[in-house]
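Work through the exercises below with the sequence and the coordinates at hand. Each task is followed by a solution in steps.

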Amino acid sequence: MPSQPTSSSLRAKRVSGSTLSTRRARFGAQAVACLSVLLSAPLMAQTAPATPKEHASSNGLRAVAVGGTLASWAYAWWEGAPFTRCDGAPRWQFRGNVAKDDELRVASVGAAYGECQMLTAGGWSLSNQTNFSVSRWSAQGDVAFAKSAWDVAIVPLVHWQRPAFGATRMEVEFGIGPAWLSQTNIGDRQKSTQYQFSDHLGLNLVDAGGAWRVGLHWRHISNLDIKTPNNGVDFAGVVVAFSL
């Protein structure tokens with residue numbers, strides 16, 4: 001007659017399984033972090049400053065935006081998280097943003113669809129939301145090229161959230177998506193192509209129920225050297241979003 005497993009052997013198996021799961025999660029997080037750095041490094045290098053108004057320090061923020069986006073999606077995929085299945089009824093959220101760099105100003109309006117919850121890890125929750133926006137650019141002072149332009153962008157955003165105080169949550173936002181720009185040259189910037197990539201980084205406060213969010217926002221726009229000159233633009237400003 002086969003022997004029955006003892007309680008101590010069952011506990012050992014559970015501990016072994018738990019250790020294996022922990023090691024797997026740790027290895028996965030390290031692997032996707034390394035992958036995000038490797039993939040974001042060439043993206044940083046391809047948007048070198050080309051005018052006095054561009055700053056090398058923006059490469060660091062771009063690395064965070066690109067690396068954070070890639071690492072978040074890769075970690076969610078590693079954990080088998082759902083990308084499109086939302087718990088409950090997804091909602092539309094109206095979103096506005098005003099920002100500037102040394103030369104250009106931008107005002108954006110749009111709508112974001114989500115929020116789709118994907119996973120929780122270490123007190124943080126990860127969700128995704130797709131933002132559709134229209135933005136008007138304007139150049140300040142005497143410039144070589146167009147004084148104004150429009151862009152249309154579709155950016156899948158990922159949100160890392162954790163409780164802050166009361167019913168408010170702190171949020172770190174990452175995103176990369178395509179954008180179409182009405183002018184190839186704007187202000188003193190030569191962007192060469194109408195097709196651009198829009199990299200997003202944000203630090204927000206969010207209502208726990210998802211009714212509103214407000215925060216600081218940074219956006220980099222360039223064409224990944226599809227065609228040169230490729231003068232990047234770095235907008236820093238504020239974002240406000242709310243659901244009806």
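**Exercise 1. Which residue in β5 does Ala153 stand opposite, and how many bridges join β4 to β5?**

Step 1. In this predicted model, Ala153 stands opposite Ala179 in β5.

Step 2. Strand β5 covers residues 168-181 and runs antiparallel to β4, with 11 bridges joining them.

Step 3. The hairpin of β4 and β5 has two residues between the strands, and Gly166 there takes a positive phi near 55 degrees.

**Exercise 2. Identify the strand that pairs with β4 over 14 bridges, and give the residue opposite His159.**

Step 1. Strand β3 (residues 124-139) pairs with β4 (residues 148-165) over 14 bridges, in the antiparallel sense.

Step 2. Ser127 is the residue that stands opposite His159 in β4.

**Exercise 3. In what order do the eight strands close into a barrel, and where does helix α2 lie?**

Step 1. The order is β1-β2-β3-β4-β5-β8-β9-β10, and the pairing is antiparallel.

Step 2. With direction ignored, neighbouring strands of this sheet are turned by 25 degrees against each other on average.

Step 3. One of the pairs is β8 with β9 (residues 212-222), antiparallel over 10 bridges; within this pair, Gly202 stands opposite His217 in β9.

Step 4. Helix α2 (residues 58-78) lies across β2, β3, β4, β5, β8, β9 and β10. The helix runs at about 100 degrees to β5.

**Exercise 4. Is Gln196 buried or exposed, and which backbone atoms does its side chain reach?**

Step 1. Gln196 is found in strand β8, residues 195-207.

Step 2. The relative accessibility of Gln196 is 1%, so the residue counts as buried; the cut-off for buried is under 20%.

Step 3. A polar atom of the Gln196 side chain lies 2.7 Å from the backbone oxygen of Thr193. The side chain of Gln196 also reaches the backbone nitrogen of Asn223, at 3.5 Å.

Step 4. Beyond neighbours within four places in sequence, the contacts of Gln196 include Gly177, Pro178, Ala179 and Leu181. Ala179 is thus listed here and is also the residue opposite Ala153.

**Exercise 5. Is Gln129 buried or exposed, and what is the length of the polar contact between its side chain and that of Glu115?**

Step 1. Gln129 lies in strand β3.

Step 2. Gln129 counts as buried because its relative accessibility is 2%.

Step 3. The polar contact between the side chains of Gln129 and Glu115 is 3.3 Å.

Step 4. Not counting residues up to four places away in sequence, Gln129 touches residues including Gln93, Arg95, Tyr113, His159 and Arg213. His159 is the residue that Ser127 stands opposite.

Note on methods. Residues numbered from 1 in each chain as written. Predicted model: local features only at pLDDT ≥ 70, side-chain atom pairs only at ≥ 80, totals over all residues. Heavy atoms only, no water. Helix = DSSP H or I, 4+ residues; strand = E, 2+ residues; numbered from the N terminus. Buried < 20%, exposed > 50% of the residue type's maximum accessible area, 1.4 Å probe, protein only. Polar contact = N/O pair within 3.5 Å; in protein donor to acceptor, adjacent residues only side chain to side chain. Contact = heavy atoms within 4.5 Å. Pairing = 2+ DSSP bridges. Axes fitted to C-alpha atoms, helices over the stretch in contact; angles between N-to-C directions.
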